[in-house]
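Please open the model in your viewer and keep the selection panel at hand, as this tour proceeds from the whole chain to its contact side and then to its core.

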Amino acid sequence: MTEQFPILVVIIPLLISFTIFLFRLTRYRYEWHLSMAATFFSFLVSLSLLNTVLQTGPASYRLGGWAPPWGIEYKVDYLSGFMLVIVTLVAFVTSVYAGKSVKEEIGEKGGVPFYALYMLLVAGLCGIVVTGDMFNLYVFLEITSLSAYALVGVGYKRRAIVAGFNYLILGSVGACLYLLSVGYLYIMTGTLNMADLAQRLPAIYDSRVILVAFALFMAGLSIKMAFFPLHAWLPDAHGLAPSVVSPILSACVIEVAAYAMIRVMFTVFTPAFIFEVLPVREVLSLAASIAMIGGSIIALAQTDIKRMLACSSVGQMGYVILGVAIGNHTGLTGSFMHLFSHAIIKASLFLAAGSLIYKTQIYEISNLKGIGRKMPLTMATFTIGALGMIGIPFTTGFVSEWKLAIGALEAGKWFIVPVILLSALLNAVYFGRVLEIAWFKTDELHGHEGKGEQEKGHKTEVSASLVVPPFVLVSLSIIFGIAAFVPLSIAEKAAGMLLGWQ
Amino acid sequence: MEFIISKYNYWVYIALMMIGFYAMIGKKNLVKKIVGLNIFQTSIILYFISTAAKKGATIPIIAHGNGEAIHAVHAAQYVNPLPHVLMLTAIVVMVSTFGVALAFIIRIHRAYGTLEEDEILAKEE
């Protein structure tokens, strides 16, 4: 059974998605429980896979028993195992949150099969992470993206449909550019398997086709990842998506696209190509710095809380690519640690914001005056998440930014450290604005609130199933911020493997 | 000149891709944008299929009679079937994307009453 885990983690959500879709023909409404069970199973499988990989090295599964390079191979190594745990954890926690939130926000509107789409999204995400075949990655990328477009389109406001349509156009262009790059690689080498490509490419590094293939896939995956100039779809899409979809989009979909970019850059085009043949380090460090600062600046300008969090994601993806651009072991470790940290913290921030919207129907930040007194648990979660995003010590955000700064200094690029600092300061400004309004302002319109209302026994906090999931995620960020050696050891092994040290 | 003529399949696919791209950017009607996306994706399919063709090659089906032993074949005599297989998958993806896009267009029309991009943006101001 354990040899089949790489494929099971993809197939079970896929099958459950179809089962849920068929269930809708009956009157039984067990969709939420089925999706919780499926994501929990995937989470356990991914933990077991990570354990196997840490003990005995990379695990692989051959679809249909065909040997690579003729068949498709699923390869789980340190980075894949790490990403799989992150993705399935966020998927599981979000599916627990989804019960009440979906009933309130989407309900039976237009017959939308929400849980079926959600399971498809999770299956696609897991598929991108485990696959070892370039075209298989395109297929799962499109499965993920199509589910994401549809899920964005069921948002609360009318504008969500236009946002979903924009996302569809831009995302499809990105995936087509990636497919074109796969085609260019195929006509030069004749293979689609990632490991086999890595062996055949060094002979033709100076070929123009390979250079164009590299440029095309970088452009395509940058669109999917919302890397700064190509981010225009993200504030609308993530800000207008339903409260239960935004966490998965921001924490998983764009991170898995960043993972795919890192995977193709380091496993297919080996570090010898991207660092020696092309000046990737210089170009990407400039682009990532612009992304970090630009993302934070556009987040400063937002007045809607979910749009602000979405623009913040643009900046955080800049951190990930900054680690790649630094290029040494510490920088890559910081990059992977930031994938972990951003996923957990951004998901919990979006879930907490969703709880605020569920209770108060307020989207604008300036209207959230004094909400900290009415909903203390949710705002506490949001506060700790905001501190983690800024990079206060004892959170995972600090660990990742520390590693990035140390890596930059080790590589001799000292000018990156002020960029990281400036980005952290900008994060502090726009998160601090929310915290100040929520905790320190009073809501004059509704009179004296706080202790008086709670003494009357009037429950103003949301129910447990909406409070606990973001709190679990954010406490994980504190736990792993203190016991940082646990994710760091995995990230260091992953960085070493990608740089070719083993 | 020989450079252009001998690689005419690549020039055709690039031209189609740019036509599709222009339609996505330049046209205001949402349905025309979808058609542009479709042309863009079809051009990539054309590129893959054109790389599979070989001069004087035949269909990649090897006929075995009953009980005949499996024998080696000259790959140069058969058209490369792998890009065709990949493009079958890509066509399925293209059709699914088209379906989702049309569903979006139906919803947009229901919500806004129009399918012109500038009118939709004006309604959102």
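How many of the 502 residues of chain A, in per cent, count as buried? The share is 61%, where buried means that 20 or more other C-beta atoms, placed from the backbone, lie within 10 Å of a residue's own.

This is a predicted model, in which local features need pLDDT of at least 70 and side-chain atom pairs count only at pLDDT 80 or more, while totals for chains, interfaces and linings use all residues. Residues are numbered from 1 along each chain as its sequence is written, and chains are lettered from A and ligands numbered from 1 in the order in which they are written.

Select chain A and colour it by secondary structure: 21 helices and two strands appear, these being DSSP runs (helices H or I, at least four residues; strands E, at least two) numbered from the N terminus.

Next, select the contact between the chains, to which chain A gives 22 residues and chain B 24 residues, a contact being a pair of C-beta atoms, placed from the backbone, within 7 Å. On the side of chain A, helix 5 (134–152) and helix 6 (159–189) are the elements that give two or more residues, and helix 6 of chain A supplies the largest share, 14 residues.

Finally, select the largest nonpolar core, of 222 residues, in which A:Phe82, A:Val87, A:Val90 and A:Val256 touch the most other members; such a core is a set of buried Ala, Val, Leu, Ile, Met, Phe, Trp, Tyr and Cys residues joined through C-beta atoms within 7 Å. Helix 6 of chain A gives the most to this core, with 20 residues. Centre on A:Phe82, which touches A:Leu50, A:Phe336, A:Ile490, A:Ala491 and A:Ala494, not counting residues up to four places away in sequence.

Technical notes:
Buried ≥ 20, exposed ≤ 12 C-beta atoms within 10 Å, placed from the backbone. Contact = placed C-beta atoms within 7 Å.
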